[in-house]
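Reader: Hey, I've just opened this one and don't know my way around yet. Can you walk me through it?

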Amino acid sequence: MQTRQPSPDGKRDLAVAAAILAGHLPPEFAPLATLAYNYWWSWAPGGEDVFSSLDPHRWQRCGMNPVRLLQELDPSRLRVLAMQPGVLPRVEALARALREELRRPERAITVPGRPAVIVCAEFGIHRSLPFYAGGLGVLAGDFLKEVSDQGYPAAGIGLFYSQGSFHQRVDNSGWQHEFWLDTDSDRLPAAVVTGADGAPLTVSVPMRGRELTAQVWRVDVGRVPLYLLDTNHPGNVPGDRWITSRLYVGNREVRLAQYALLGIGGIRAMRAMGIEPAIIHLNEGHAGLALLELLREQIAAGAGVEAATERVRAATVFTTHTPVAAGNETLSTDDLRSVLPDLPASLGMEWPEVVAMGRIRPEDPAEPFGLTPFALRMTGAANAVSRLHGEVARQMWHDLWPGVAPEQVPIGHVTNGVHMATWMAPEMWALLGRYLPGWPASAADPATWEHVDEIPDGELWAVRCQLRAGLGGFVRDRSVVERLGRGEALPYAESAARAWSDDSLTAGFARRIATYKRLYLVTRNLDRGLRLMNGELPVQLVIAGRAHPSDDDAKRTVQQVFALNYLPNLAGRVVFLEEHDMALSARLVRGSDLWVNLPRPLNEASGTSGMKSALNGGLQLSVLDGWWAEAYDGANGWAIASNPGLPAAEQDAQDATALFDLLESEVLPLFYARNEHGIPHGWVQKMKASLKSIGPRFTATRMLGEYVDRARALRGAPGE
Ligand SMILES: *Cc1c(COP(=O)(O)O)cnc(C)c1O
């Protein structure tokens, strides 16, 4: 009798990689290897310390990648560490906690054992896995972590970028330059999925008249596997190997090839690994071509187009993240024809029929194939990422549903939320743990956060000061080094370190530098800004963010901000830090007292960095757009009620004035109004209002709950 081979899923491959790594370590440290191959350590309490304390310097040198750290560490150092009290017990405790985490019983989304499959072009799991560009990827990473914490079955599907996302350097004229480094896959906590014969599992997608072959990597994110497709495979010609080299850059054909691989190849990989999904979640339009493959499968099985469409819709959900029409990518028939020439034949259709599926108005021959319209039409449930974005999206896409009133358009919203254990500083986590009953399991319950009022002002303020000082030390070190790296004179470079204070109100602005985020507003009203920075109640500003390599407008914004660095009377009160990655992002959202966001209204789908800041006791000063439009309650921060009806230039002028007015008349006086113990009572009250109102609502726990409910409703599955 023939026994059925279990489908390859990469589990064994990761275990083999961990065993090889363990073989290089003294036996008592072997559990570290298993820990290193699962990113769970990165959000487990004390997890990072276990690795960083082995060799803090090398930990930074290794980009906080534990596999690389263990490969590079001198085993004799480990033998010395083994004799120090506490070291081995901590390793063992963390290893035991991971084993228990992986053994916890699984909950069901719909049918037990069937996972949610999340397809996305980027996943921001950790700084050491550079496969993300910004908020979208970090959200997808937070989503996987939360799914793992909540014990639902899931798998992520994305791309393995051999050069990842770009690195940023700014020259002394303020111009951004980019470079890419090869991702050293042997040093990542990843393994190629192999089949029963030991050869890499591959999937192929017909493209440009050839079969494009991709192998599949597995990365473990707690209980959740993340599968990443990689065309850097000997079966491909060099041009095809290049397809998965870089995130979001390259010409249109390369990008389309990436989307086709992610979507079509992603579904094929899912099948090859025997994954039977409860629901397939397409995160942003890039993933939309997965629907072509799902449709093809149904048609190949004999269904007519209509029945096939219904079956695909019954199994898929879509999240749109881009409220600006131009940001939703479209493909011309020629683009499609050159990359996917076999597409119509595979679907039993003609080109016009194929392209019509991705048009807002199917009969308009001039309209290209839009990834978002296609996904909206072909999935069973679609959502925007904040309440306001839901309204914008229903307006924006209502022509897809002719005769339906905009407010009836079937696009809902699930407001984004962030993964608390990833983004909250350990100091804040511990403080809340002392005062909030049932912490952290009770964190999704608003009643839990009411106990924030019981935290003595002095304790909350002490944590805030500690976090600000932590950022201060980092800013001083980094800004000097970065200035020297740009060839600046030593006195100027060192002035950065002298000017930055651990006590001044510290404002942060860090996110992708896109023009609609209007970072340039901080350079308006320069005289006024200078007065504030040098006044008796000073503010200092730390900025970080990368502009897309081909976005010269955004690069000019960086340059304008950079020019501030050279104003003599500013003396380092404004600092721009290069290389905005998840590690820098974490430092900034933890250390800033005030988090500033200035999007052009209705252009910010949600925004998540402000939520990260709020969880650390940061207060928001933001345009009422995206998530802040539903979070702001008058007491928990400050709002700029920008008028979306105005011409851009007037809007800019008004909003810049509102920003400086608020800073001058409210923010700074409140921060510096100290009582006899040196505590700003009013500021601390606002921090408490912010924690109470934002803490329970804008986390991934609430977000995932809503997604699960939507999936169950679509699948007709009961709740638990
Ligand atoms: C959270 C995060 C973002 C998102 O910032 P927004 O303010 O939501 O645009 C971007 N980049 C990184 C590295 C992040 O961690």
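Author: Sure, we can start with the ligand and then look at a few spots in the chain. Keep in mind that this is a predicted model.

Reader: Good to know. So how many residues surround the ligand, and which are the closest?

Author: There are 13 residues around the ligand, and the closest are Arg-511, Lys-517, Thr-608, Ser-609 and Lys-612.

Reader: What does Lys-517 do with its polar side-chain atom there?

Author: That atom sits 2.6 Å from an oxygen atom of the ligand. Ser-585 also comes in with its side chain, where an N or O atom is 2.8 Å from a ligand oxygen. With Thr-608 the backbone is involved: one of its polar backbone atoms is 2.6 Å from an oxygen atom of the ligand.

Reader: And how much of the ligand does the protein cover?

Author: On its own the ligand has 390 Å² of accessible area, and the protein covers 96% of that.

Reader: Which elements give two or more residues to the shell?

Author: Those are helix H8 (135-150) and helix H26 (609-615).

Reader: How do the shell residues divide into nonpolar, polar and charged?

Author: Two are nonpolar, seven are polar and four are charged. As for domains, at least three shell residues come from domain 2 (116-416 + 704-715), and at least three from domain 3 (434-696).

Reader: OK, switching topic. Strand E2: buried or exposed?

Author: Mostly covered. E2 spans residues 154-159, and six of its six residues are buried. Ala-154, Gly-156 and Gly-158 are on one side, with Ala-155, Ile-157 and Leu-159 on the other, and both faces are covered.

Reader: Which way does E2 pair with strand E1, parallel or antiparallel?

Author: Parallel, over four bridges; E1 is residues 116-119. To find one of the partners, look at Val-119, which is bridged to Ile-157 in E2.

Reader: Cool. Where's the cis peptide bond?

Author: Between Trp-439 and Pro-440, with omega about 0°. Pro-440 is in the loop between H19 and H20. That loop, running from helix H19 (426-435) to helix H20 (446-450), also holds Ser-442.

Reader: What does the side chain of Ser-442 reach?

Author: The backbone oxygen of Pro-437, at 2.7 Å.

Reader: And why does Ser-442 count as buried?

Author: Because its relative accessible area is 16%, and buried means under 20%.

Reader: Which residues other than glycine have a positive phi?

Author: Glu-284 is one of them, with phi near 75°. Leu-602 is another, and its phi is near 75° too.

Reader: Where do I find those two?

Author: Glu-284 is in the loop between strand E9 (279-283) and helix H11 (290-300). Leu-602 is in the loop that runs between strand E18 (594-597) and H26.

Reader: Is Glu-284 buried or exposed, and what about Leu-602?

Author: Glu-284 is buried, at 6% relative accessibility. Leu-602 has a relative accessible area of 34%, so it counts as partly exposed.

Reader: Last one: what about Leu-588 and Ala-325, buried or exposed?

Author: Leu-588, in helix H25 (residues 582-591), is buried at 1% relative accessibility. Ala-325 is exposed at 54%, and you'll find it in the loop between strand E10 (316-319) and strand E11 (330-331).

Technical notes:
Residues are numbered from 1 along each chain as its sequence is written. This is a predicted model: local features need pLDDT of at least 70, side-chain atom pairs count only at pLDDT 80 or more; totals for chains, interfaces and linings use all residues. Side-chain values use heavy atoms; hydrogens and water are left out. A residue is near a molecule or strand if one of its heavy atoms lies within 4 Å of it. A polar contact is a pair of N or O atoms within 3.5 Å; within protein, one must be able to donate a hydrogen and the other to accept it, and residues adjacent in sequence count only if both atoms are side-chain atoms. Accessible areas come from the Shrake-Rupley method with a 1.4 Å probe; for residues, only the protein chains shown count as cover. Ala, Val, Leu, Ile, Met, Phe, Trp, Tyr, Cys and Pro count as nonpolar, Asp, Glu, Lys and Arg as charged, and the others, Gly among them, as polar. Domain bounds come from an automatic or database domain assignment. Buried means under 20% relative accessible area, exposed over 50%, partly exposed in between (1.4 Å probe, protein chains only). Two strands pair if DSSP finds at least two bridges between them.
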